[in-house]
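Q: I am new to this structure and would love a close look at one part of it. Could you walk me through a single chain, strand by strand, and then show me how it sits beside its neighbour?

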Amino acid sequence: MSPVPRGSPVTRGFHRKRSAGSTGPAGSTGRIPPGQYLTTDFPVLSAGPTPRTALSRWTFSIAGGRSPRSWTWEEFRALPAEKLTTDIHCVTRWSKLDTAWEGVSLDVLLEGMEHDAPYALAFCDGGYTTNVPVADLLGGQAWVAFGYGGGPLGAEHGGPARLLVPHLYFWKSAKWVRGLRLLAADQPGFWENFGYNMYGDPWREQRYAGD
Amino acid sequence: MARAAVRGRLSTWQVATVAAVSSETFRARTLLFDVREWPGHRSGQHVDVRLTAEDGYQAERAYSIASAPGEPLALTVERVDDGEVSSWLTQEARPGDLMEVRGPIGGYFVWEPAYGGPLLLAAGGSGIVPLRSMLRARSLAGSDVPVRLLYSSRSWEDVIYASELEFPGPGVQVIHTLTRSQPPAWTGYARRVDQPMLAEVAWPVSGGPLAYVCGPTSFVEAVSQALVQSGYPPERVKTERFGATGGT
Amino acid sequence: MEAVDGNAIGGLLHEVFGTEMTDAASVCGSCGAARQVAELAVYLRAPGTVVRCRSCDSVLMVFVKIHDRTCVDLLGLATLG
């Protein structure tokens, strides 16, 4: 941990509400990236108001390949989906282990899609965007998730559907996702534009640009 | 407009020592501070409080000033479930403890007797704190500006400054509404603030009233919108929104 | 997640601008809405602090703390102060 900032007196008896790193529950050692602490709740972080899109108007599209694709909610939910349990790591330093999700793999959504784009920009209701290399979306690494904790994904956590890319910091798991734009060059999304890392690997602590 | 990177000015934070603590309700406490170079403050202003743990971890939160201008710095803090700062302030803090404060802050949500009235104060939960500073300032100044305070709380046990507000002094009317539970024989309002309640309580627009609304965001939105709809000019309705939980 | 308002970032704004800013006038660069900073919608619980126009939700200001620096982006505002 960083030393006490110069000039700040220590407040007797004050500590972060959750214990850091290796003092987590059995099996958590080695699962918490550097600079993170374990949490058992699921903090809601948002950069704007919670969008409410009617399912009748919801679509997920992939643009930028040779032929764009789009699914309505019914079409999307008819795709093969899978359940998964994974750890998630937020750049604001909380990590949550064994979170249970249900979603459609990006391998399914991108299957057979002709493109040579190495990068993708996810776009969302409310205007949020984030960039992820296509290689990080494939090979069982990413989903469009519609279920969390055994039930439908709640609006405050990104429902009806969010991107889920758990091997990167959680700001890359864009809430209220509506599609991907395939790009030839990497383009900064919302937080990347304001100084966050273009890639965001929690194990190399890539929080900010230049890390 | 542009983008810039600013290094924090080291001089803005000051060390504050807890001088005294007193219980207001089962969940709220008032802390009196000794701040060596406290510049004084205006009613309605707040301070940012920063706590530092032994491992260097720091947490900052904003709290409204409960004392009147001229009085030493006092904050009333209500504990929020799982709140790491409010839990320490309401359950751990004792005289001699150290933290840092930045402020006083605020130039919008401020009142002084010279601003006049009639004054409508609307408090949701711990939103009462800055309004109590305004009432104390009014009293200390011997002001006769008419005041109506509409104070929404979950139950009587949640009412902060209950005894102080029981005898608020001439020219001040205090109207409580208890939204979740009421004591036996309660004859007051027993629901969330709404348009019909405000129609009965708020000063008529014709008198040129000034309104200050403070509390959780949903409370402030409901009250301020209702006041504007009833004819209060928007620039005469000052708002201060806490988070959904009414503070941290 | 409910937004708070510009009062909550008064201290941050004072540190960045060197003066009290909650009563400063702002004009949204997207829709032209004019409001005092205290009345803008502020989202605190995020990787940074985001300030939005209450009328059109456009992003007006973003503050990100990167190591020991606060980075400020005011691109969404037409005018401030």
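**A close look at chain C**

A: Let's begin with a pair of strands. In this predicted model, strand E2 (residues 25–28) of chain C and E8(C) are paired antiparallel, over three bridges. Within that pairing, Cys28(C) has Leu77(C) of E8(C) as its bridge partner.

This pair belongs to an open sheet of three strands, whose order in chain C is E3-E2-E8, with antiparallel pairing. Strand E3 (34–36) and E8 of chain C are the edge strands, and each has a single partner strand, so one side of each is left without a neighbour in the sheet. Going from one strand to the next, the twist averages 25 degrees.

Now move to another group of strands in chain C. Strand E4 (residues 41–43) of chain C runs antiparallel to E5(C), and three bridges join them. One residue to find here is Ala41(C), whose bridge partner in E5(C) is Arg52(C). E4(C) and E5(C) make a hairpin, with five residues between them.

E5(C) also pairs with strand E6 (residues 59–66) of chain C: these two run antiparallel and are joined by four bridges. Here Thr49(C) stands opposite Phe63(C) of E6(C). E5(C) and E6(C) form a hairpin too, with six residues between the strands, and in this hairpin Asp57(C) has a positive phi near 70 degrees.

It is worth pausing on strand E5 (residues 49–52) of chain C itself, since both of its faces are covered. On one side are Thr49(C) and Val51(C), on the other Val50(C) and Arg52(C), and all of these are buried. Two of these names have come up already: Thr49(C), opposite Phe63(C), and Arg52(C), the bridge partner of Ala41(C).

Next comes a helix. H1(C) is mostly covered, with seven of its eight residues buried. Those buried residues are Gly10(C), Gly11(C), Leu12(C), Leu13(C), His14(C), Glu15(C) and Val16(C). After H1(C) comes Gly18(C), which has a positive phi near 80 degrees.

With these pieces in place, look at how chain C meets chain B. In this contact, 27 residues of chain C touch 27 residues of chain B. On the chain C side, at least two residues each come from strand E1 (4–5), helix H1 (10–17), strand E7 (69–73) and strand E8 (77–80). The helix and the edge strand E8 of chain C therefore reappear here, among the elements that supply this side. By class, the side of chain C that touches chain B holds eleven nonpolar, seven polar and nine charged residues.

Chain B, the partner, is divided into domain 1 (13–105) and domain 2 (113–242). The centres of these two domains of chain B, taken over C-alpha atoms, are 24 Å apart. Their contact takes 15 residues from domain 1 of chain B and 15 residues from domain 2 of chain B. On the domain 1 side, the residues that touch domain 2 of chain B are six nonpolar, seven polar and two charged.

Finally, a brief glance at chain A. Its secondary structure comes to three helices and eleven strands. Buried residues make up 36% of the 211 residues in chain A. A compact globule with 211 residues would have a radius of gyration near 17 Å, and the 18 Å of chain A agrees with that.

Notes: Residues numbered from 1 in each chain as written. Chains lettered and ligands numbered in written order. Predicted model: local features only at pLDDT ≥ 70, side-chain atom pairs only at ≥ 80, totals over all residues. Buried ≥ 20, exposed ≤ 12 C-beta atoms within 10 Å, placed from the backbone. Pairing = 2+ DSSP bridges. Domains from an automatic or database assignment. Contact = placed C-beta atoms within 7 Å. Nonpolar A, V, L, I, M, F, W, Y, C, P; charged D, E, K, R; others polar. Rg over C-alpha atoms; globule rule 2.2 N^0.38 Å. Axes fitted to C-alpha atoms, helices over the stretch in contact; angles between N-to-C directions.
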